[in-house]
Amino acid sequence: MLLVEPSYEIQDDLDRMPLPQALEARGRICYKSEERIGAGTAEPFLSRIAASGHGSVLEMGVVTAEISCSAEDKAALFAGQPRFLMVDETEAGLLITASVRAPREAASNAVVAALAHALAEKYPFLFAGVSLPETALFQPRFLSVDEVDALPQALLLRHRFLGVKFAVSRAVSHELVRHRVCSFLQESQRYCNYGQARFGQHVAFVRPVFYAEDSPEFTCWKKSMEEAEAAYLRLLATSSPQAARTVLPNSCKTEIIVYCNLAEWRHIFKLRTTSAAEPSMREVMLPLAADFKARYPFI
Ligand SMILES: Cc1cc2nc3c(=O)[nH]c(=O)nc-3n(C[C@H](O)[C@H](O)[C@H](O)COP(=O)(O)OP(=O)(O)OC[C@H]3O[C@@H](n4cnc5c(N)ncnc54)[C@H](O)[C@@H]3O)c2cc1C
(Lines give C-alpha, C1' and ligand atoms only; values in the text may rest on other atoms or scores of the structure.)
Protein backbone atom coordinates (compact mmCIF):
# COMPACT_ATOMS: atom_id res chain seq x y z
CA MET A 1 0.00 0.00 0.00
CA LEU A 2 1.27 3.46 -0.91
CA LEU A 3 0.38 6.42 1.26
CA VAL A 4 0.55 9.74 -0.61
CA GLU A 5 0.03 13.40 0.18
CA PRO A 6 -2.59 15.34 -1.79
CA SER A 7 -1.06 17.74 -4.31
CA TYR A 8 -1.73 19.87 -7.36
CA GLU A 9 0.13 21.31 -10.30
CA ILE A 10 -0.94 24.31 -12.37
CA GLN A 11 -0.38 23.29 -16.00
CA ASP A 12 0.35 26.73 -17.37
CA ASP A 13 3.20 25.41 -19.55
CA LEU A 14 0.87 23.12 -21.51
CA ASP A 15 -1.25 25.97 -22.85
CA ARG A 16 1.89 27.50 -24.31
CA MET A 17 2.59 24.34 -26.32
CA PRO A 18 1.05 23.50 -29.70
CA LEU A 19 -2.49 22.21 -29.19
CA PRO A 20 -1.84 18.54 -30.09
CA GLN A 21 0.99 18.29 -27.55
CA ALA A 22 -1.16 19.83 -24.82
CA LEU A 23 -4.05 17.49 -25.60
CA GLU A 24 -1.82 14.43 -25.61
CA ALA A 25 -0.08 15.41 -22.36
CA ARG A 26 -3.44 15.80 -20.63
CA GLY A 27 -5.17 12.90 -22.37
CA ARG A 28 -2.65 10.35 -21.23
CA ILE A 29 -3.60 10.87 -17.58
CA CYS A 30 -6.52 8.48 -18.13
CA TYR A 31 -4.19 5.58 -18.84
CA LYS A 32 -1.19 6.87 -16.87
CA SER A 33 0.79 6.37 -20.07
CA GLU A 34 2.65 9.69 -20.00
CA GLU A 35 5.97 7.87 -20.42
CA ARG A 36 4.92 7.03 -23.99
CA ILE A 37 4.94 10.68 -25.07
CA GLY A 38 7.60 11.30 -27.71
CA ALA A 39 8.24 12.84 -31.11
CA GLY A 40 5.26 12.11 -33.36
CA THR A 41 3.09 10.37 -30.74
CA ALA A 42 0.41 13.07 -30.48
CA GLU A 43 -1.15 12.48 -33.90
CA PRO A 44 -1.78 8.72 -33.62
CA PHE A 45 -2.85 9.08 -29.97
CA LEU A 46 -5.36 11.86 -30.69
CA SER A 47 -6.63 10.21 -33.89
CA ARG A 48 -7.44 7.06 -31.91
CA ILE A 49 -9.04 9.12 -29.15
CA ALA A 50 -11.19 11.10 -31.60
CA ALA A 51 -12.31 7.95 -33.41
CA SER A 52 -13.20 6.23 -30.13
CA GLY A 53 -15.53 9.04 -28.99
CA HIS A 54 -13.44 9.92 -25.92
CA GLY A 55 -14.41 13.56 -26.55
CA SER A 56 -13.24 15.07 -23.26
CA VAL A 57 -9.62 14.87 -24.39
CA LEU A 58 -10.46 17.30 -27.21
CA GLU A 59 -11.71 19.82 -24.63
CA MET A 60 -8.34 19.98 -22.89
CA GLY A 61 -6.83 22.91 -24.74
CA VAL A 62 -8.32 26.09 -26.12
CA VAL A 63 -7.49 28.68 -28.76
CA THR A 64 -8.51 32.32 -28.62
CA ALA A 65 -9.13 34.14 -31.89
CA GLU A 66 -10.32 37.48 -33.17
CA ILE A 67 -12.73 37.20 -36.05
CA SER A 68 -14.02 40.15 -37.98
CA CYS A 69 -17.39 39.36 -39.55
CA SER A 70 -20.60 41.01 -40.71
CA ALA A 71 -23.38 42.08 -38.36
CA GLU A 72 -25.62 39.38 -39.86
CA ASP A 73 -23.09 36.65 -39.16
CA LYS A 74 -22.70 37.90 -35.62
CA ALA A 75 -26.46 37.89 -35.14
CA ALA A 76 -26.68 34.36 -36.56
CA LEU A 77 -24.00 33.18 -34.13
CA PHE A 78 -25.74 34.65 -31.09
CA ALA A 79 -29.17 33.46 -32.30
CA GLY A 80 -27.79 29.93 -32.31
CA GLN A 81 -26.84 30.38 -28.62
CA PRO A 82 -23.38 28.86 -29.04
CA ARG A 83 -22.59 26.39 -26.29
CA PHE A 84 -19.10 25.66 -25.07
CA LEU A 85 -17.68 28.76 -26.75
CA MET A 86 -16.70 31.99 -25.03
CA VAL A 87 -17.80 34.79 -27.34
CA ASP A 88 -17.47 38.55 -26.76
CA GLU A 89 -17.84 41.54 -29.00
CA THR A 90 -14.75 43.73 -29.22
CA GLU A 91 -13.54 46.58 -31.42
CA ALA A 92 -11.82 44.02 -33.66
CA GLY A 93 -15.05 42.07 -34.13
CA LEU A 94 -15.60 38.90 -32.13
CA LEU A 95 -13.30 37.41 -29.56
CA ILE A 96 -13.86 33.66 -29.39
CA THR A 97 -12.25 31.06 -27.17
CA ALA A 98 -12.92 27.42 -27.95
CA SER A 99 -11.50 23.98 -27.52
CA VAL A 100 -11.10 21.77 -30.60
CA ARG A 101 -14.21 19.88 -29.62
CA ALA A 102 -16.66 22.77 -29.96
CA PRO A 103 -15.89 23.69 -33.60
CA ARG A 104 -15.59 19.99 -34.50
CA GLU A 105 -19.13 19.39 -33.34
CA ALA A 106 -20.83 22.71 -34.18
CA ALA A 107 -19.40 24.10 -37.40
CA SER A 108 -22.77 24.87 -39.00
CA ASN A 109 -22.46 28.59 -38.20
CA ALA A 110 -20.17 30.57 -40.56
CA VAL A 111 -18.10 32.07 -37.72
CA VAL A 112 -17.54 28.74 -35.99
CA ALA A 113 -16.85 27.14 -39.38
CA ALA A 114 -14.12 29.73 -40.02
CA LEU A 115 -12.53 28.80 -36.71
CA ALA A 116 -12.83 25.09 -37.53
CA HIS A 117 -11.28 25.71 -40.95
CA ALA A 118 -8.29 27.53 -39.55
CA LEU A 119 -7.73 24.82 -36.94
CA ALA A 120 -8.17 22.05 -39.50
CA GLU A 121 -5.53 23.70 -41.70
CA LYS A 122 -3.06 23.62 -38.81
CA TYR A 123 -4.04 20.18 -37.46
CA PRO A 124 -5.89 18.18 -40.15
CA PHE A 125 -5.91 14.95 -38.13
CA LEU A 126 -7.96 16.62 -35.39
CA PHE A 127 -10.75 17.15 -37.94
CA ALA A 128 -10.58 13.81 -39.76
CA GLY A 129 -14.09 12.75 -40.74
CA VAL A 130 -15.59 16.14 -39.85
CA SER A 131 -17.42 17.79 -42.73
CA LEU A 132 -16.52 21.44 -43.11
CA PRO A 133 -17.50 23.98 -45.80
CA GLU A 134 -14.88 24.10 -48.57
CA THR A 135 -14.00 27.73 -48.01
CA ALA A 136 -14.07 29.86 -44.89
CA LEU A 137 -15.72 33.27 -45.03
CA PHE A 138 -13.43 34.79 -42.40
CA GLN A 139 -9.81 34.51 -41.40
CA PRO A 140 -9.38 34.26 -37.62
CA ARG A 141 -6.35 35.81 -35.95
CA PHE A 142 -5.14 33.58 -33.15
CA LEU A 143 -3.94 35.22 -29.94
CA SER A 144 -0.96 33.99 -27.97
CA VAL A 145 -1.38 33.17 -24.27
CA ASP A 146 0.53 36.37 -23.45
CA GLU A 147 -1.92 38.37 -25.54
CA VAL A 148 -4.83 36.75 -23.70
CA ASP A 149 -3.13 37.58 -20.40
CA ALA A 150 -3.00 41.23 -21.51
CA LEU A 151 -6.78 41.45 -22.16
CA PRO A 152 -8.90 43.73 -19.96
CA GLN A 153 -10.00 41.97 -16.78
CA ALA A 154 -13.59 41.22 -17.85
CA LEU A 155 -12.36 39.47 -21.00
CA LEU A 156 -9.41 37.86 -19.28
CA LEU A 157 -11.74 36.17 -16.78
CA ARG A 158 -13.72 34.56 -19.56
CA HIS A 159 -11.02 33.81 -22.12
CA ARG A 160 -8.04 32.69 -20.03
CA PHE A 161 -8.26 28.97 -19.41
CA LEU A 162 -6.00 27.11 -17.01
CA GLY A 163 -5.67 23.44 -16.23
CA VAL A 164 -4.78 22.07 -12.81
CA LYS A 165 -3.74 18.48 -12.24
CA PHE A 166 -4.72 17.25 -8.80
CA ALA A 167 -3.59 14.11 -7.00
CA VAL A 168 -6.39 13.68 -4.49
CA SER A 169 -8.73 11.06 -3.08
CA ARG A 170 -11.62 9.73 -5.14
CA ALA A 171 -13.91 11.47 -2.62
CA VAL A 172 -12.43 14.87 -3.49
CA SER A 173 -12.44 14.12 -7.22
CA HIS A 174 -16.12 13.28 -7.01
CA GLU A 175 -16.79 16.75 -5.60
CA LEU A 176 -14.62 18.38 -8.27
CA VAL A 177 -16.57 16.84 -11.13
CA ARG A 178 -19.75 18.50 -9.86
CA HIS A 179 -18.43 21.75 -11.37
CA ARG A 180 -20.21 21.20 -14.65
CA VAL A 181 -18.75 24.16 -16.47
CA CYS A 182 -15.25 22.62 -16.41
CA SER A 183 -13.67 19.94 -18.55
CA PHE A 184 -12.21 16.94 -16.77
CA LEU A 185 -9.87 14.06 -17.42
CA GLN A 186 -9.23 11.48 -14.76
CA GLU A 187 -7.00 8.47 -14.18
CA SER A 188 -9.18 5.52 -15.04
CA GLN A 189 -9.59 2.65 -12.61
CA ARG A 190 -11.02 0.71 -15.55
CA TYR A 191 -7.83 0.94 -17.61
CA CYS A 192 -5.15 1.24 -14.91
CA ASN A 193 -4.24 -2.10 -13.40
CA TYR A 194 -2.52 -1.40 -10.09
CA GLY A 195 -1.40 -5.02 -9.94
CA GLN A 196 1.08 -4.26 -12.73
CA ALA A 197 4.77 -3.66 -12.08
CA ARG A 198 4.51 -0.08 -13.42
CA PHE A 199 2.29 0.75 -10.44
CA GLY A 200 4.57 -1.15 -8.09
CA GLN A 201 1.76 -3.70 -7.58
CA HIS A 202 0.33 -1.30 -5.04
CA VAL A 203 -2.81 0.73 -4.66
CA ALA A 204 -2.10 4.32 -3.61
CA PHE A 205 -4.22 5.98 -0.91
CA VAL A 206 -4.34 9.63 0.11
CA ARG A 207 -3.48 10.32 3.71
CA PRO A 208 -6.75 11.49 5.32
CA VAL A 209 -6.61 15.02 6.68
CA PHE A 210 -8.86 13.98 9.56
CA TYR A 211 -6.58 11.67 11.55
CA ALA A 212 -3.17 12.18 13.16
CA GLU A 213 -0.79 9.39 12.18
CA ASP A 214 -0.44 8.17 15.78
CA SER A 215 -4.19 8.06 16.48
CA PRO A 216 -6.31 4.89 16.87
CA GLU A 217 -8.55 6.24 14.06
CA PHE A 218 -5.59 6.36 11.68
CA THR A 219 -4.63 2.80 12.60
CA CYS A 220 -8.20 1.66 11.93
CA TRP A 221 -8.26 3.55 8.59
CA LYS A 222 -4.91 2.11 7.51
CA LYS A 223 -5.94 -1.45 8.31
CA SER A 224 -9.07 -1.00 6.24
CA MET A 225 -7.04 0.29 3.25
CA GLU A 226 -4.65 -2.66 3.51
CA GLU A 227 -7.57 -5.07 3.46
CA ALA A 228 -9.12 -3.31 0.47
CA GLU A 229 -5.82 -3.44 -1.40
CA ALA A 230 -5.38 -7.14 -0.62
CA ALA A 231 -8.91 -7.89 -1.86
CA TYR A 232 -8.32 -5.86 -5.04
CA LEU A 233 -5.07 -7.68 -5.83
CA ARG A 234 -6.72 -11.06 -5.09
CA LEU A 235 -9.62 -10.26 -7.43
CA LEU A 236 -7.21 -9.22 -10.20
CA ALA A 237 -5.96 -12.81 -10.33
CA THR A 238 -9.25 -13.88 -11.90
CA SER A 239 -10.97 -10.70 -13.06
CA SER A 240 -10.44 -7.39 -14.84
CA PRO A 241 -9.42 -4.07 -13.24
CA GLN A 242 -12.93 -2.72 -13.79
CA ALA A 243 -14.35 -5.64 -11.80
CA ALA A 244 -11.68 -5.60 -9.10
CA ARG A 245 -12.02 -1.84 -8.55
CA THR A 246 -15.43 -2.41 -6.99
CA VAL A 247 -13.69 -2.99 -3.65
CA LEU A 248 -11.63 0.22 -3.81
CA PRO A 249 -12.60 2.95 -1.33
CA ASN A 250 -13.02 6.73 -1.36
CA SER A 251 -9.47 7.23 -0.08
CA CYS A 252 -7.90 5.83 -3.25
CA LYS A 253 -5.54 8.30 -4.86
CA THR A 254 -6.63 9.55 -8.25
CA GLU A 255 -5.19 12.07 -10.68
CA ILE A 256 -7.65 14.45 -12.24
CA ILE A 257 -7.24 17.48 -14.49
CA VAL A 258 -9.72 20.30 -14.10
CA TYR A 259 -9.69 22.71 -17.05
CA CYS A 260 -11.73 25.92 -17.11
CA ASN A 261 -11.53 29.68 -17.37
CA LEU A 262 -10.57 32.08 -14.59
CA ALA A 263 -14.21 33.00 -13.94
CA GLU A 264 -15.00 29.37 -13.09
CA TRP A 265 -11.83 29.01 -11.00
CA ARG A 266 -12.96 32.06 -9.01
CA HIS A 267 -16.34 30.37 -8.48
CA ILE A 268 -14.69 27.11 -7.41
CA PHE A 269 -12.45 28.91 -4.90
CA LYS A 270 -15.46 30.74 -3.49
CA LEU A 271 -17.25 27.46 -2.81
CA ARG A 272 -14.35 25.18 -1.94
CA THR A 273 -12.24 27.28 0.42
CA THR A 274 -14.81 28.33 3.03
CA SER A 275 -15.27 26.61 6.37
CA ALA A 276 -18.36 24.88 4.90
CA ALA A 277 -16.20 23.06 2.35
CA GLU A 278 -14.94 19.53 2.95
CA PRO A 279 -11.55 19.65 4.79
CA SER A 280 -9.72 17.44 2.26
CA MET A 281 -10.94 19.78 -0.49
CA ARG A 282 -9.80 22.85 1.44
CA GLU A 283 -6.43 21.21 1.97
CA VAL A 284 -5.66 21.60 -1.76
CA MET A 285 -7.92 24.53 -2.64
CA LEU A 286 -6.57 27.02 -0.09
CA PRO A 287 -2.96 26.94 -1.37
CA LEU A 288 -4.15 26.68 -4.97
CA ALA A 289 -6.35 29.77 -4.58
CA ALA A 290 -3.36 31.62 -3.14
CA ASP A 291 -1.23 30.60 -6.15
CA PHE A 292 -3.92 31.85 -8.53
CA LYS A 293 -4.22 35.11 -6.59
CA ALA A 294 -0.49 35.68 -6.88
CA ARG A 295 -0.84 35.56 -10.69
CA TYR A 296 -4.29 37.09 -11.01
CA PRO A 297 -4.95 39.26 -7.90
CA PHE A 298 -8.58 39.93 -8.88
CA ILE A 299 -9.52 36.25 -8.38
C1 LIG B 1 -20.44 23.17 1.07
C2 LIG B 1 -21.02 22.35 -0.05
C3 LIG B 1 -21.88 21.31 0.25
C4 LIG B 1 -22.45 20.55 -0.77
N5 LIG B 1 -23.27 19.49 -0.45
C6 LIG B 1 -23.81 18.74 -1.43
C7 LIG B 1 -24.66 17.62 -1.14
O8 LIG B 1 -24.92 17.30 0.02
N9 LIG B 1 -25.17 16.90 -2.16
C10 LIG B 1 -24.93 17.24 -3.47
O11 LIG B 1 -25.46 16.55 -4.37
N12 LIG B 1 -24.11 18.27 -3.79
C13 LIG B 1 -23.55 19.02 -2.81
N14 LIG B 1 -22.72 20.06 -3.15
C15 LIG B 1 -22.44 20.34 -4.57
C16 LIG B 1 -23.14 21.64 -5.05
O17 LIG B 1 -24.54 21.53 -4.99
C18 LIG B 1 -22.75 21.93 -6.51
O19 LIG B 1 -23.18 20.86 -7.35
C20 LIG B 1 -21.26 22.09 -6.69
O21 LIG B 1 -20.71 22.89 -5.69
C22 LIG B 1 -20.99 22.71 -8.08
O23 LIG B 1 -21.18 24.11 -8.03
P24 LIG B 1 -22.27 24.91 -8.86
O25 LIG B 1 -23.56 24.19 -8.97
O26 LIG B 1 -22.32 26.32 -8.35
O27 LIG B 1 -21.83 25.03 -10.27
P28 LIG B 1 -20.86 24.75 -11.48
O29 LIG B 1 -21.22 23.43 -12.06
O30 LIG B 1 -19.46 25.02 -11.04
O31 LIG B 1 -21.37 25.87 -12.44
C32 LIG B 1 -21.01 27.26 -12.33
C33 LIG B 1 -22.24 28.12 -12.41
O34 LIG B 1 -22.91 27.90 -13.64
C35 LIG B 1 -24.33 27.98 -13.45
N36 LIG B 1 -24.94 26.71 -13.79
C37 LIG B 1 -24.29 25.57 -14.19
N38 LIG B 1 -25.16 24.61 -14.51
C39 LIG B 1 -26.38 25.16 -14.31
C40 LIG B 1 -27.71 24.67 -14.50
N41 LIG B 1 -27.92 23.43 -14.95
N42 LIG B 1 -28.73 25.49 -14.21
C43 LIG B 1 -28.52 26.76 -13.79
N44 LIG B 1 -27.30 27.28 -13.57
C45 LIG B 1 -26.24 26.49 -13.85
C46 LIG B 1 -24.53 28.36 -11.98
O47 LIG B 1 -24.59 29.76 -11.88
C48 LIG B 1 -23.27 27.85 -11.33
O49 LIG B 1 -22.95 28.53 -10.14
C50 LIG B 1 -22.13 20.83 -2.14
C51 LIG B 1 -21.25 21.88 -2.42
C52 LIG B 1 -20.70 22.63 -1.41
C53 LIG B 1 -19.72 23.74 -1.74
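What follows is a short chat about reading the domains, helix pairs and ligand shell of a predicted model.

Me: Let's start broad. Into which domains is the protein divided?

Reply: There are two to look for: domain 1 covers 2–12 + 161–295, and domain 2 covers 19–159. Notice that domain 1 is written as two stretches of the chain. Taken over C-alpha atoms, the centres of the two domains are separated by 29 Å.

Me: How many residues of domain 1 are in contact with domain 2?

Reply: On the domain 1 side, 16 residues take part, and they meet 17 residues of domain 2. To find the domain 1 side, look at β7 (161–169), β8 (183–186), β10 (253–261) and α11 (262–272), each of which supplies at least two of its residues. Sorted by class, that side has 9 nonpolar, 5 polar and 2 charged residues.

Me: Now the helices. What angle do α1 and α2 make when they cross?

Reply: Roughly 65°, with the axes of α1 (residues 19–27) and α2 (residues 42–52) coming within 9 Å. Angles from 65 to 115 degrees count as roughly perpendicular, so that is the word for α1 and α2. The crossing of α1 past α2 is left-handed.

Me: Which residues of α1 and α2 meet?

Reply: From α1, pick out P20, Q21, L23, E24 and G27; their partners in α2 are A42, E43, F45, L46 and I49. By class, this contact has 6 nonpolar, 2 polar and 2 charged residues.

Me: Let's try another pair. How are α11 and α12 arranged, oblique or perpendicular?

Reply: Start with the numbers: the axes of α11 and α12 (residues 279–295) come within 10 Å and cross at roughly 135°. An angle over 145 would count as roughly antiparallel and 65 to 115 as roughly perpendicular, so α11 and α12 end up as oblique. Here too the crossing is left-handed, with α11 passing α12.

Me: And which residues of α11 and α12 meet?

Reply: W265, F269 and R272 of α11 meet M281, R282, M285, A289 and F292 of α12. This contact has 6 nonpolar and 2 charged residues, with no polar ones.

Me: Last one. Which residues surround the ligand?

Reply: Look for R178, H179, R180 and V181, then H267, L271, A276 and A277. Grouped by class, the shell around the ligand has 4 nonpolar, 2 polar and 2 charged residues.

Conventions
Residues are numbered from 1 along each chain as its sequence is written. This is a predicted model: local features need pLDDT of at least 70, side-chain atom pairs count only at pLDDT 80 or more; totals for chains, interfaces and linings use all residues. Axes are lines fitted to C-alpha atoms, for helices over the stretch in contact, and angles run from 0 to 180 degrees between N-to-C directions. Helices (H or I, at least four residues) and strands (E, at least two) are DSSP runs, numbered from the N terminus. Angles under 35 degrees count as roughly parallel, over 145 as roughly antiparallel, 65 to 115 as roughly perpendicular and the rest as oblique. A crossing is left-handed if the near helix is turned anticlockwise from the far one by less than a right angle, and right-handed if clockwise. Two residues are in contact if their C-beta atoms, placed from the backbone, lie within 7 Å. Ala, Val, Leu, Ile, Met, Phe, Trp, Tyr, Cys and Pro count as nonpolar, Asp, Glu, Lys and Arg as charged, and the others, Gly among them, as polar. A residue is near a molecule or strand if its C-beta atom, placed from the backbone, lies within 6 Å of it. Domain bounds come from an automatic or database domain assignment.
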